[in-house]
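Subject: The structure we talked about

Hi,

Here is the structure I promised to pass on. Have a look at it first, and then read on for what turned up.

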Amino acid sequence: MSGTLKAISDSEKNILKSRFNIQNFVYVPTVFAESKLRLPCSQDIIISRGETFFSDLTTEIQNRFRLPGANCNRPVMVFFKSEKDLLKYWESPEFEEYKRDCLIFTETLTLKERENLIKRAATKNTISLLTKSYGRGCD
């Protein structure tokens, strides 16, 4: 049942209990309500021309990653539309110095490989390049 569960009357709840044997009622906030999360959009949107995309992306990774020696060494995850796009960036000269700190997630990983990498992806000083399926989840 949707959000209407909170609004139904006691007699309607009794029908659910007696006719359908529903004994527990759990209220979960809707994912469709207006989000109260406010992000500074000007910092999260970068418009880049094709010829400077890789260097712009690398600069953004540097800004978010905070290289060793800084006071915050957090993980960074970058999502790509396809494995082809991911590998093109991985092989680019702009990304060369970050390869040793990088994890690559594609649909071709086995379940065991995926589980191992997912655990490592959340650790500080880690850059993860992922295909879009990891942004929405995968089976």
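A residue counts as buried when its relative accessible area is under 20%. By that cut-off Thr131 is buried, because its relative accessible area is 1%. Please keep in mind that this is a predicted model, so everything below is computed from predicted coordinates.

Since Thr131 has come up, let me stay with that residue for a moment. Thr131 sits in strand E3. Its C-alpha atom is separated by 5.4 Å from that of Phe79, although the two residues are 52 apart along the chain. Setting aside neighbours within four places in sequence, Thr131 also contacts Phe80, Ser82, Glu83 and Leu86, as well as Phe105, Thr106 and Glu107, in addition to Phe79 itself.

Now the overall layout. The protein has six helices and three strands, and from the N terminus on they follow the order α-α-α-β-α-β-α-β-α. Of its 139 residues, 24% count as buried. If you take the contacts with a separation of 6 or more, 58% of them join residues 24 or more positions apart.

On to the interior. Which residues have the most contacts inside the largest nonpolar core? They are Ile61, Val78, Phe80, Tyr89, Phe95, Ile127 and Leu129, in a core of 13 residues. Helix H3 (53–65) and strand E1 (76–80) each supply at least two residues of this core, and so do helix H4 (83–90) and strand E3 (127–131). There is also a second, separate core of seven residues, with Leu109, Leu117, Ala121 and Tyr134 among them. As a general point, nonpolar side chains tend to be buried together in soluble globular proteins.

Val78 is a good residue to click on. Not counting residues up to four places away in sequence, Val78 touches Leu57 and Ile61, together with Ser128, Leu129 and Leu130.

You may enjoy the aromatic side chains too. The structure holds six aromatic pairs. In one of them, the ring centres of Tyr89 and Phe95 are 4.9 Å apart and the planes meet at 45 degrees, so this pair is tilted. Phe95 and Tyr98 form another tilted pair, because their planes are at 35 degrees, with the centres 6.0 Å apart. Are these residues buried or exposed? Tyr89 and Phe95 are both buried, with Phe95 at a relative accessible area of 0%, and Tyr98 counts as buried at 2%. Ring pairs link Phe53, Phe54, Phe80, Tyr89, Trp90, Phe95 and Tyr98 into a cluster.

Finally, the pocket. The largest pocket holds about 330 Å³ of space. Of the 15 residues that line it, Leu57, Glu60, Ile61, Met77 and Val78 are the closest to its centre. Helix H3 and strand E1 each supply at least two residues of the lining, and H3 gives the most, with six. What is the make-up of the lining by class? It has ten nonpolar, four charged and one polar residue. Two names recur here: Ile61 and Val78 are among the residues closest to the centre of the pocket, and they are also among those with the most contacts inside the largest nonpolar core.

Do write back with any thoughts once you have had a look.

Best wishes

Key:
Residues numbered from 1 in each chain as written. Predicted model: local features only at pLDDT ≥ 70, side-chain atom pairs only at ≥ 80, totals over all residues. Heavy atoms only, no water. 1 Å grid on protein atoms, 1.4 Å probe; cavity = no way out; pocket = protein on both sides within 12 Å on 5 of 7 lines; lining within 4 Å. Points joined across faces, edges and corners; volume = space filled by probe spheres on them. Helix = DSSP H or I, 4+ residues; strand = E, 2+ residues; numbered from the N terminus. Nonpolar A, V, L, I, M, F, W, Y, C, P; charged D, E, K, R; others polar. Core = buried A, V, L, I, M, F, W, Y, C linked by side-chain atoms within 4.5 Å. Buried < 20%, exposed > 50% of the residue type's maximum accessible area, 1.4 Å probe, protein only. Contact = heavy atoms within 4.5 Å. Phe/Tyr/Trp six-rings, centres within 6.5 Å; stacked < 30°, edge-to-face > 60°.
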